[in-house]
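Please look through the sequence and the fold together before reading on. The paragraphs below go from one local contact to the chain as a whole, and then to its interior.

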Amino acid sequence: MNALQSQRWAPHVTVATVVSRAGQLLLVEEDKGGRRVLNQPAGHLDPGETLLQAAVRETREETGWDVRLTGFIGSYQWTADDGTPFLRFAFEAEPLQHHPEQALDAGIVQALWLTPSVLQADMARLRSPLVWHTVSDWLAGQRFPLSMLRHIP
């Protein structure tokens with residue numbers, strides 16, 4: 001066993017939301033490694049917050065939208081091409097209020113609404129395969145109660 005293999009596995013814990021309105025999904029276009037990519041509102045879990053709090057916060061920071069979480073879509077384990085492991089928790093949410101004056105997170109070009117078919121037709125621009133897997137599960141009706149996720153203070 002080499003030194004790298006003996007280190008403890010520590011994936012990046014992230015959250016993402018699938019926000020729908022009138023048949024369209026709220027997405028972000030962002031600059032990543034010199035490319036313009038599409039993603040759900042998503043980001044890392046911060047110390048001291050719950051997964052639910054992180055999903056609401058990241059959606060607001062990246063899109064300017066306040067949302068209400070309505071369901072848990074699923075968890076996704078994935079390793080990026082550079083070897084970075086991710087553990088993503090995805091949620092369904094409904095849009096409540098938009099704050100167009102809010103500056104978006106660094107790297108976010110814009111928030112936009114796209115139909116799932118337009119998103120599927122542009123698979124080469126997805127930030128990761130997690131984007132479509134999450135949408136696909138959501139389109140298939142995969143939802144679980146938010147109570148499945150428990151935070152123990």
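Which residue lies over the face of Trp-113? In this predicted model, that residue is Arg-21, placed at 4.1 Å from the ring centre.

The chain as a whole gives the setting for such contacts. Its secondary structure consists of four helices and seven strands, and the order from the N terminus is α-β-β-β-β-α-β-β-β-α-α. The radius of gyration is 16 Å, close to the 15 Å that the globule rule gives for 153 residues, so the chain is as compact as a globular protein of that length. Along its principal axes, the C-alpha trace spans about 55 × 40 × 35 Å. Of the 153 residues, 42% count as buried. Contacts across long stretches of sequence are frequent: among those between residues at least 6 apart, 72% join residues at least 24 apart.

The interior comes next. In soluble globular proteins, nonpolar side chains tend to be buried together. Here the largest nonpolar core has 16 residues, and the members that touch the most others are Leu-38, Ile-73, Leu-119 and Leu-126. Two or more residues of this core come from each of strand S2 (24–32), S5, strand S7 (108–114) and H4. H4 provides the largest share, five residues. Ile-73 also has contacts with residues from several stretches of the sequence: beyond four places away, Ile-73 touches Val-18, Ala-90, Phe-91, Glu-92, Thr-134, Asp-137, Trp-138, Gln-142 and Phe-144. A second core, separate from the largest, has 15 residues, including Val-15, Trp-65, Phe-72 and Phe-91.

Aromatic rings add another layer to this picture. The model has five aromatic pairs. One of them joins Phe-72 and Phe-144, with 6.4 Å between centres and 50° between planes, a tilted arrangement. This pair links distant parts of the chain, since Phe-72 is in strand S5 (residues 65–79) and Phe-144 is in the segment after helix H4 (129–139), 72 residues apart. The partners are not equally covered: Phe-72 has a relative accessible area of 7% and is therefore buried, whereas Phe-144, at 35%, is partly exposed. Trp-78 and Phe-86 form a stacked pair, because their ring centres are 5.8 Å apart and their planes are at 25°. Trp-78 is partly exposed at 24% relative accessibility, while Phe-86 is buried at 17%. Ring pairs also join Phe-72, Phe-89, Phe-91 and Phe-144 into a cluster.

Two acidic residues in loops can be set side by side. Is Glu-49 buried or exposed? Glu-49 sits in the loop between strand S4 (42–44) and helix H2 (51–63), and its relative accessibility is 15%; the limit for buried is under 20%, so Glu-49 counts as buried. Its side chain reaches the backbone nitrogen of Asp-46 at 2.8 Å. Beyond four places away in sequence, Glu-49 touches His-44, Ala-54 and Arg-57.

Asp-81 is placed in the loop between S5 and strand S6 (85–98). At 84% relative accessibility, Asp-81 counts as exposed. In space, the C-alpha atoms of Asp-81 and Ser-128 are 9.9 Å apart, although 47 residues separate the two in sequence.

How values were computed: Residues are numbered from 1 along each chain as its sequence is written. This is a predicted model: local features need pLDDT of at least 70, side-chain atom pairs count only at pLDDT 80 or more; totals for chains, interfaces and linings use all residues. Side-chain values use heavy atoms; hydrogens and water are left out. Rings of Phe, Tyr and Trp (its six-membered ring) pair if their centres lie within 6.5 Å; planes under 30 degrees apart count as stacked, over 60 as edge-to-face and the rest as tilted. Buried means under 20% relative accessible area, exposed over 50%, partly exposed in between (1.4 Å probe, protein chains only). A charge sits over a ring if NZ of Lys or CZ of Arg is within 6 Å of the ring centre and within 35 degrees of the ring normal. A nonpolar core is a set of buried Ala, Val, Leu, Ile, Met, Phe, Trp, Tyr and Cys residues joined through side-chain atoms within 4.5 Å. Contact means heavy atoms within 4.5 Å. A polar contact is a pair of N or O atoms within 3.5 Å; within protein, one must be able to donate a hydrogen and the other to accept it, and residues adjacent in sequence count only if both atoms are side-chain atoms. The radius of gyration is taken over C-alpha atoms; the globule rule is 2.2 Å times the number of residues to the power 0.38.
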